[in-house]
Structure formats: structure tokens, C-alpha cells
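Here is a short briefing on how helices and strands pack against one another in one model. Have the viewer open as you read.

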Amino acid sequence: MPLQQLRLNAGADKRLRGGHVWIYSNEVNTKETPLKQFEPGEQVVVESAGGKALGLAYINPNTLICGRLFSRTVKTPLDRSLIVHRLNIALSLREACFDKPCYRLVFGDSDGLSGLVIDRFFDIFVVQISTAGMELLKEDIVAAIEKVFKPQGILFRNDGKMRQTEGLESYSEVAFGEVPELVPFEENGVPFVAPVHKGQKTGWFYDHRLNRARMQQHVQGKRVLDLFSYIGGWGVQALAAGADHVTCLDASEFALDVADENARLNDASDRFQTLHGDAFNGCKMLLEEDEKFDVVILDPPGFIQKRKDIRNGEQAYKRMNQLAMRLVAKNGILISASCSMHLQRERLVDIIRSESRALDRQAQIFDQGHQGGDHPVHPAIPETDYLKSYFVRMLPVS
């Protein structure tokens, strides 16, 4: 069947021509193409105000971002064939960047598959769908993964917050083969297991891979504190790099149990301990006990989810950075990170500056990092460039 047209308002094609792929509902000429005529997930031909075809998109008439362009021609529908093609293109980048098949295979818009995330753990694939357009292609996504990779198992972790906005139900299910509760994988040469069924997001966060590799250069023989540790991504890699002792602090007992298992996998249980509790209160407790650490890793969840959260979120980053700094020993290192796209890099630097000065210490930033090659940045979509980390030596004022 021929696809319906989605006509844009005058000038609304400028962002798309510049490389962006999102279409906002207020950019649509609703007199000529009423949004109510479309079904959620339907594929349409996107036209400029003058009627020139700009490409194909899938649409959800009930959301602010009502359209997502997936092709710049009108001859390439989003189907199994195109998904296979884009998976192969994504794979070629990951294979160029990493020597083991453990990475984020698909990073949504950056890999031409808006609304789709796939994390790979050797032969296990964990898939997250966040849009109605991708939800209609579930079977094609599974078939495409089967064709390209011959997987052991495929798990859908379709329980993200964005699904509610798209009018989609939350669920988690094995779509193919077998997927154990704890899935083995490797990062920076360090073995881990990830709780893909019950953990956060897909069970793991590959985005900090390069920053954790940088961290390994600075921890041999050191006492290390990993705040918001989850399952020990930073802390266990510090152990593998020769840290004298690592403490992981997290609010989830389940996550800490998996962190214990990851320490055991690396024959480092005797140099490892966990603390269960809120990171703010946990830091205060450690301060009351006069604890100091040579390296403190601060990798919190996103304190700023939306623009309206910026003020309160920045306050949370300030409080947490100051608490972490107070736990850093003389001439020790703070690794301060943020995954909040709305926290600008220069703002995090300013927070590091102001909070170190409040403690009468001198912050010396000697390294910085961002997301790895399996989270490529789409140059037209700032939201895809979100991760930042700073390596800071905390010096006394002389």
C-alpha cells in the first residue's frame, strides 16, 4: 500500500536538511495532514511545505516528537532488510573499536535506528525498544539479529520510562533462545557478569569503558571508593588493575551482591567490600569515621532528566562532588562523571572548581573522557553527546 504523506510547515525542513531526524508535532502542517489520521508507528513520506519529499519516517501522533526520519529516500522502508543492513554497518564500527564482542551494538539515532538500543554480551543480545515505530518491528528486529549474528539468546528489556510517553506497555521477555540471569562478558580485559533480567537498563553501562580504562592507570596499590557503584564496573576494574582495597557503595543490595560476584570472578574478594545505602548518607558516615581514599569515583545516575530539573540537579551534583572531595586523601584523585546531557561540560568543571575552593583545596584536572565508540555521537543531535568525566588531583593549598 502507498504510504501517507506528512506535510511540514514552512521552514520546518531546515533541521532535517541539516542532518537531524526528529520531527516535532508543532512542525507539522496539520491542516493539510492532520496528525489524528495517522496510527502510532505508521511509516510516512515526509514532505516540505512545498511538497518535496524529504524521506521516510515513522510517526506517533500522540507525542511531542511525532516523527523520526529513518531514510532520506522514499524507496527504503524500515523493514527486516534495512535493519540487517544497519546492523552490519553498526557491527563494522564496533569491530574496528573493540577486540571482544561485548559492546553497545546499536545506539538509536546514531546508528540510524531511532528508538532502538541493543547491547551485546558475546552471543547474548539485550534489546530495548522505546518507540511505537520500533515496537511494530519486533519480529523483524529478532530475525535481523538472528541472520547477522546467530545468537544464543535475545532478551527484550522493554521497560524504559520513554515507553509510557509513547503509549507502550512495559515488559521483559526472552524473544529467542536462552538468556541466563547472569550473563558473562568482558570489558577492558576484565571478566564480569551482568544481571540482564533484573539489573538497570540492559544490565550494564558500556559507555564509560574508555574512562574506566583510564582509571586503571591510577589505582595500583591504592585505596579506592566507588560511589553509586551498581555492580562494580569501576571498582572491580580497579581491583583487576592492582588496587590495594576497593569499597563499593550503592543503594541496591541486589547490585552489591552481583558486585561481590564480580570481585570473586577476578580473585579479589579479599581486597573488596560493599556498603549498602544512599550515597549522600554513606559519604557522611564515612566522613564521621575519618575515612580517606586515594581514589574516589563519582559516577552518579542522571540528576538532570529534563531542562526543568537543571537547577535542582546542579545542586545535587555540587553536594555530591563536595562530599566525594572530602573523602579524597591528600594529593589523591577524584574521578567526577555525569551522564546528564543537560549538564554542560563547562558547568561540571565549574562545579569541581567551586566545591574544591569551598574546601580550601586546589583541583587540578589532568585528564577527561567521554563515551566510547559504541556510543557514537550524531553531529546533528546534541542529546547523543551526553557523557563526560574529569580526572582531578586534589591538592592542598600551598
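The points below cover two helix pairs and one sheet.

This is a predicted model, in which local features need pLDDT of at least 70, side-chain atom pairs count only at pLDDT 80 or more, and totals for chains, interfaces and linings use all residues. Residues are numbered from 1 along each chain as its sequence is written, and side-chain values use heavy atoms, with hydrogens and water left out. Helices (H or I, at least four residues) and strands (E, at least two) are DSSP runs, numbered from the N terminus.

**Helix 2 with helix 4**

- Helix 2 (residues 80-97) and helix 4 (residues 138-149) have axes that come within 9 Å and cross at roughly 50°. Axes are lines fitted to C-alpha atoms, for helices over the stretch in contact, and angles run from 0 to 180 degrees between N-to-C directions.
- The two helices are therefore oblique to each other (angles under 35 degrees count as roughly parallel, over 145 as roughly antiparallel, 65 to 115 as roughly perpendicular and the rest as oblique).
- On the helix 2 side, the contact (heavy atoms within 4.5 Å) is made by R80, I83, V84, L87, N88 and L91. Helix 4 brings D140, I141, A143, A144, I145, K147, V148 and F149.
- By residue class, this contact of helix 2 with helix 4 has 10 nonpolar, one polar and three charged residues (Ala, Val, Leu, Ile, Met, Phe, Trp, Tyr, Cys and Pro count as nonpolar, Asp, Glu, Lys and Arg as charged, and the others, Gly among them, as polar).

**The sheet and its helices**

- Seven strands, in the order 15-14-13-16-17-19-18, make an open sheet with mixed pairing; two strands pair if DSSP finds at least two bridges between them.
- Strand 15 (272-276) and strand 18 (361-369) are at the edges with a single partner strand each, so one side of each has no neighbour in the sheet.
- From one strand to the next, the twist averages 20°.
- Six bridges join strand 17 (residues 328-338) to strand 19 (residues 388-396) in the antiparallel sense.
- Helix 10 (residues 310-326) packs on the sheet and touches strand 13, strand 16, strand 17, strand 18 and strand 19. Its direction makes about 150° with that of strand 17.

**Helix 10 with helix 11**

- The axes of helix 10 and helix 11 (residues 345-358) also cross at roughly 50°, coming within 9 Å.
- That makes helix 10 oblique to helix 11.
- Among the contact residues are Y317 and M325 of helix 10 and L348 and I351 of helix 11.
- This contact of helix 10 with helix 11 divides into six nonpolar, four polar and four charged residues.
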